[in-house]
Amino acid sequence: MSNLTPYPWQQQIWQGLISRAAQQRLPTAVLYTGVAGICKHHRASCLAHSLLCENRLNDGTACGQCRSWLLLAAGTHPDYLLVQPEEEGKSIGIDKVRSLAEFQSLKSQY
């Protein structure tokens with residue numbers, strides 16, 4: 001399995017996020033918005049994998065081999081929650097926001 005690497009046009013934003021993470025100054029949540037086709041989901045996945053990785057590489061990307069990475073790749077990591085609209089173009093429903101708030105109040109499982 002390979003690691004998840006940000007695309008070249010995402011490098012400036014990526015370096016800013018990794019720098020904030022290293023300083024423990026990331027916000028509680030990160031919301032990616034923008035037009036379709038700018039790879040928001042890919043960038044969010046790169047960040048999630050990086051933050052949850054046990055053996056992060058020097059460039060801030062995930063190692064692609066640790067247990068945490070394998071759990072993320074399988075979609076079973078207990079500390080990862082993806083919140084997105086049920087349908088493209090719709091807003092995120094209140095029930096999803098409430099479940100997110102509940103999820104954030106829990107302690108890390110892994």
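Y7 is partly exposed, because its relative accessible area is 31%. Here buried means under 20% relative accessible area, exposed over 50%, and partly exposed in between, using a 1.4 Å probe and protein chains only. Its ring partner W9 is exposed, at 57%. Together Y7 and W9 form a stacked aromatic pair, with 4.9 Å centre to centre and 20 degrees between the planes. Rings of Phe, Tyr and Trp (its six-membered ring) pair if their centres lie within 6.5 Å; planes under 30 degrees apart are stacked, over 60 edge-to-face, and the rest tilted. The structure holds one such pair.

A word on what you are looking at: this is a predicted model, in which local features need pLDDT of at least 70 and side-chain atom pairs count only at pLDDT 80 or more, while totals for chains, interfaces and linings use all residues. Residues are numbered from 1 along each chain as its sequence is written, and side-chain values use heavy atoms, leaving out hydrogens and water.

Now let's go inside. The largest nonpolar core has six residues: W14, L17, I18, Y32, C46 and L47. Such a core is a set of buried Ala, Val, Leu, Ile, Met, Phe, Trp, Tyr and Cys residues joined through side-chain atoms within 4.5 Å. Helices α1 (11-22) and α2 (40-52) each supply at least two residues of this core, and α1 gives the largest share, three residues. Helices are DSSP runs (H or I, at least four residues), numbered from the N terminus. A second, separate core of five residues includes C53, A62, C63 and W69.

What about the cysteines? A search of the whole structure finds zero disulfides, a disulfide being a pair of cysteine sulfur atoms within 2.5 Å. Two cysteines are set out below.

| Cysteine | Nearest cysteine sulfur | Relative accessible area |
|---|---|---|
| C46 | C39, 9.7 Å | 0%, buried |
| C53 | C63, 3.6 Å | 10%, buried |

The sulfurs of C53 and C63 are not bonded because 3.6 Å is too far for a bond.

Finally, there is the largest pocket, with about 1,500 Å³ of space. It is lined by 40 residues, and V30, A44, L81, L82 and V83 lie nearest its centre. Helix α2 provides the largest share of the lining, eight residues. On a 1 Å grid over the protein atoms alone, a pocket is an open set of points where a 1.4 Å probe fits, with protein on both sides within 12 Å along at least five of seven lines; lining residues have an atom within 4 Å of a point.

Terms used:
Points joined across faces, edges and corners; volume = space filled by probe spheres on them.
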